[in-house]
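Hi,

Here is the structure I promised to pass on. Have a look at it first, and then read my notes underneath.

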Amino acid sequence: MRYLDPKADLTFKRVFGEHPDLVMSFLNALLPLNEGEEITDIEYLSPEIVPDHPLRKNSIVDVRCKDRKGRLFIVEMQMIWSPEYQQRVLFNASKAYVRQLGKKEEYKLLQPVYSLNLINEIFEPELDGYYHYYKMVHVEHTEKVIDGLHLIFIELPKFASRAYQAKRMQVLWLRYLTEISEETREVPQELLENPEVKKAVTALEESAFTDAQLLGYDDFWDVIRTEITRVNSAERKGMKKGIEKGIEKGIEKGIEKGIEKGREEEKRTIARNLKQIGATTEMISNATGLSAEEIAEL
């Protein structure tokens, strides 16, 4: 049996954008929900977030849905990281939060927005954990929270290289994303023992897709590889330019330091000569700029 990678655009949307039971299980496992806050129903919404201003570009997310309570959930699989991505996530979540109310409705009707972002790159190398949760908290008293926006970023490569110590369903879903690919010939038994994850694995079978879809799948990976090459090339050029600039700046600084040192030595030579012919300290100081203490040490 040949499987497709669940992180690709085609497969991710097929699994989590067409099966409410699977996306509910996924969200309940990965979102920071307290006991009693579990999602029990899902209604899919359009993945297109239309901006208020006509000149701004629409944002297309992988999955957008809400539950009976009105809570909104945005799910995205991001293959390539960029610093701007966080701002895009914040913008989309804020837009979804604001648009809940009509002009005459009350603020108390607003429901939280959860944005879950799976990142296939490491973007926080100085941090050990793979799970990053952002919300609005009091700086000094972090137990004080303004509920509204919940932004979650998961670094998949970090999970793949660590011991599996998270919640069981969270572990199974992250293993599903990180261990299944075109190279998979035998799915780990732990994944197949769970009915929801097994259903998600079955949805990845190559035979479930048309030739046209498989062609689009291959094109997706070609685009990703091209973009990664472009980004890496730009980074290498930036590093080379930075090194060259640093060397150039270092040489300039060294020359300036040498000139300055030469000038100081010249002043001392002049001061010694004046001192030998009997010039007063005041005269030497006026001629060279040296202090009386510096002249006395000559």
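Below is what I found, starting with the overall picture and moving on to the sheet, the helices and the pockets.

Before anything else, please keep in mind that this is a predicted model. The protein has 298 residues, and 36% of them are buried. Its secondary structure comes to ten helices and eight strands. If you look at contacts with a sequence separation of 6 or more, 61% are between residues 24 or more positions apart.

**The sheet**

Six of the strands make an open sheet, in the order β1-β4-β5-β6-β8-β7, and the pairing is mixed. At the edges you'll find β1 (43-44) and β7 (131-137), each of which pairs on one side only.

Let's walk through the sheet from the β1 edge. β1 and β4 are antiparallel and share two bridges, with Glu-43 standing opposite Lys-66 in β4. Next, β4 (residues 63-66) is joined to β5 by four bridges, again antiparallel. Two pairs to click on here are Val-63, opposite Val-75 in β5, and Arg-64, whose bridge partner in β5 is Ile-74. β4 and β5 form a hairpin, with five residues between them. In that turn, Gly-70 has a positive phi of about 100°.

On we go to β6 (residues 113-119), which runs parallel to β5 and is joined to it by seven bridges. One pair to look at is Glu-76 with its bridge partner Asn-117 in β6. At the other end of the sheet, β7 and β8 (residues 145-155) pair in the antiparallel sense over six bridges. There, Met-136 has Ile-146 in β8 as its bridge partner.

**A closer look at β5**

How much of β5 is buried? Seven of the seven residues in this strand (residues 72-78) are, so β5 is largely enclosed by the rest of the structure. The cut-off for buried is under 20% relative accessible area. Both faces of the strand are covered. Leu-72, Ile-74, Glu-76 and Gln-78 are buried on one side, and Phe-73, Val-75 and Met-77 are buried on the other.

**Some of the helices**

Helix α3 (residues 83-98) lies across β5, β6, β7 and β8, and runs at about 140° to β8.

Helix α2 (residues 20-30) is mostly covered, with eight of its eleven residues buried. The buried ones are Leu-22, Val-23, Met-24, Ser-25, Phe-26, Leu-27, Ala-29 and Leu-30.

Then there is α6 (residues 189-192), where you'll find Leu-192. This leucine is partly exposed, at 28% relative accessible area. Apart from neighbours within four places in sequence, Leu-192 is in contact with Val-187, Lys-198 and Val-201. Leu-172 is 20 residues away from Leu-192 in sequence, and their C-alpha atoms are 9.8 Å apart in space.

**The pockets**

The largest pocket has a volume of about 410 Å³. It is lined by 22 residues, and those nearest its centre are Met-77, Gln-78, Met-79, Ile-80 and Ile-224. Which element gives the most to this lining? That would be α8, with six residues. At least two residues of the lining come from each of α1 (9-16), β5, α3 and α8 (211-276). By class, the lining of the largest pocket has twelve nonpolar, two polar and eight charged residues.

The second largest pocket holds about 200 Å³ of space. It is lined by 13 residues, and the closest to its centre are Leu-45, Leu-72, Ala-96, Arg-99 and Gln-100. The elements that supply two or more residues of this lining are β2 (48-49), β4 and α3. The lining of the second largest pocket divides into five nonpolar, three polar and five charged residues.

To tie a few of these together on screen, I'd start from β5: the strand is buried along both faces, pairs with β4 and with β6, and supplies at least two residues to the lining of the largest pocket. After that, try α3, which lies across β5, β6, β7 and β8 and also gives two or more residues to the lining of the second largest pocket.

Over to you!

Cheers

Notes
Residues numbered from 1 in each chain as written. Predicted model: local features only at pLDDT ≥ 70, side-chain atom pairs only at ≥ 80, totals over all residues. Heavy atoms only, no water. Buried < 20%, exposed > 50% of the residue type's maximum accessible area, 1.4 Å probe, protein only. Pairing = 2+ DSSP bridges. Contact = heavy atoms within 4.5 Å. Axes fitted to C-alpha atoms, helices over the stretch in contact; angles between N-to-C directions. 1 Å grid on protein atoms, 1.4 Å probe; cavity = no way out; pocket = protein on both sides within 12 Å on 5 of 7 lines; lining within 4 Å. Points joined across faces, edges and corners; volume = space filled by probe spheres on them. Nonpolar A, V, L, I, M, F, W, Y, C, P; charged D, E, K, R; others polar.
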